[in-house]
Amino acid sequence: MSDPMLREKKFLKPVLHILEEKSHDRNSIVRQMAVRGLGNLVYGAPEKLKKHKKFLMVILIRALSDPFSSEVIGESMKAVAKVLKELKEKDIGSSFRDLTQEIRTYFDNEDDALRLWSFVVFGILARLTKRKWKGYFAEQECRATFHLCVPFLGLKRLQTAVNEHLDGTAELKPEELQVDICRHLAKENAELLENLYKSTIMYFFSRWEEIRAVAVKLAAYPGIILEHTDRQRMKWPNLDHLLMSLQFLKKDPSPSVQLVATEVLNDICPGRVLGE
C-alpha cells in the first residue's frame with residue numbers, strides 16, 4: 001500500500017475493492033491485514049484519500065465493532081487515526097457521529113490497548129472539531145466523563161439515575177442531569193454536595209463570563225433543593241450568603257451573567273427578603 005504505483009487510478013480502484021472484500025473474510029488475521037492496508041493508503045496515495053474517504057470510513061467504522069477479534073478492532077482504530085490526521089471536519093461528514101459513538105464505547109474496555117487507542121482517536125476527533133460538530137462532540141465528552149467518573153463515588157442510586165440520562169442516543173439535557181445529581185447527593189451524601197456547592201461558588205468571580213454564568217446556574221440547584229429540605233439535617237450553606245452573591249452578580253459587567261443571576265434568584269426563593 002506504500003507503492004507509488006497506487007497513485008494510478010487503474011491500480012488503486014481494484015486494490016481498494018480487494019481490501020474491502022477481504023475485510024469481510026472469515027479469517028480474523030485476513031480482516032486485520034485488510035483494515036491495516038486501507039489505513040496505509042495514507043502513505044501510498046495520500047492525494048487520493050479525500051476522494052475515497054467515505055468508502056474508507058464505512059469499512060473502518062464497521063471494523064470497530066468486529067464481534068470476534070479485538071485485534072481487528074485495534075487495527076481499525078490505528079487506521080482511523082492515520083486517516084483522520086489527513087482530513088478536516090468537513091471531510092468526515094455524517095461519519096463523525098457514528099465514529100464518535102463507536103469509539104466512546106471502548107473507554108472502559110478491559111483491553112488496555114483498546115482503551116488507549118480509543119482515547120487517541122477521541123483526541124484526534126477533538127482537534128478536528130470546529131463548528132458543525134462542536135456541540136455534539138462536547139455532549140459526547142460529557143457523557144463519557146460521567147460514565148467513567150460516577151462509579152468512583154460509590155453511590156449506586158446516583159449512578160443509576162445518571163445512567164438513565166446518559167444511556168442511548170437521546171439528546172442530553174444538562175439542567176435535568178444536574179438537578180437529579182444534586183437531589184441524590186442531598187439524600188445520600190450531603191457532605192459531597194456541600195463540597196460541590198462550595199467549589200462552584202468560587203467560580204462566581206472567574207475572569208471568564210461564560211464560567212461565571214454556568215457557575216451561577218449550577219449553584220442554584222443546591223439552593224433550590226435546600227428550600228425544600230430538612231434544614232436541621234442540612235445546615236449548610238448560608239443561604240443568605242448565596243443570595244447576597246447573586247445580588248452582586250446582578251450588577252455584573254456581562255449582561256448574560258446579570259440575566260442568569262436574576263433568574264436564579266427568582267427560582268430559589270421568589271419574593272424572599274435578604275436576611276429572613
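User: In this predicted model, is Asp 180 buried, partly exposed or exposed?
Analyst: The relative accessibility of Asp 180 is 25%, and a residue would have to fall under 20% to be called buried or rise over 50% to be called exposed. Because its value lies in between, Asp 180 counts as partly exposed.

User: With which residue does Asp 180 form a salt bridge?
Analyst: The partner of Asp 180 sits 3 residues apart from it in helix α11, so the two are separated by about one helical turn. This partner has a relative accessible area of 47% and is therefore partly exposed. The closest N and O atoms of the pair are 3.9 Å apart, and the residue that completes the salt bridge is Arg 183.

User: How many residues apart in sequence are the parts tied together by Glu 188 and Arg 157?
Analyst: The side chains of Glu 188 and Arg 157 meet in a salt bridge, at 4.0 Å from N to O. Glu 188 belongs to helix α11 while Arg 157 belongs to helix α10, so the pair ties together parts whose separation in sequence is 31 residues.

User: Are Arg 31 and Asp 66 buried or exposed?
Analyst: These two residues form a salt bridge in which the closest N and O atoms are 2.8 Å apart. Arg 31 is in helix α2, whereas Asp 66 is in the loop between α4 and α5, and the pair links distant parts of the chain. Both Arg 31 and Asp 66 are buried.

User: How many charged residues are in the lining of the largest pocket?
Analyst: Helices α9, α11 and α12 each supply at least two residues of this lining. By class, the lining has 12 nonpolar and 2 polar residues, while the number of charged residues is none.

Note on methods. Residues numbered from 1 in each chain as written. Predicted model: local features only at pLDDT ≥ 70, side-chain atom pairs only at ≥ 80, totals over all residues. Heavy atoms only, no water. Helix = DSSP H or I, 4+ residues; strand = E, 2+ residues; numbered from the N terminus. Nonpolar A, V, L, I, M, F, W, Y, C, P; charged D, E, K, R; others polar. Buried < 20%, exposed > 50% of the residue type's maximum accessible area, 1.4 Å probe, protein only.
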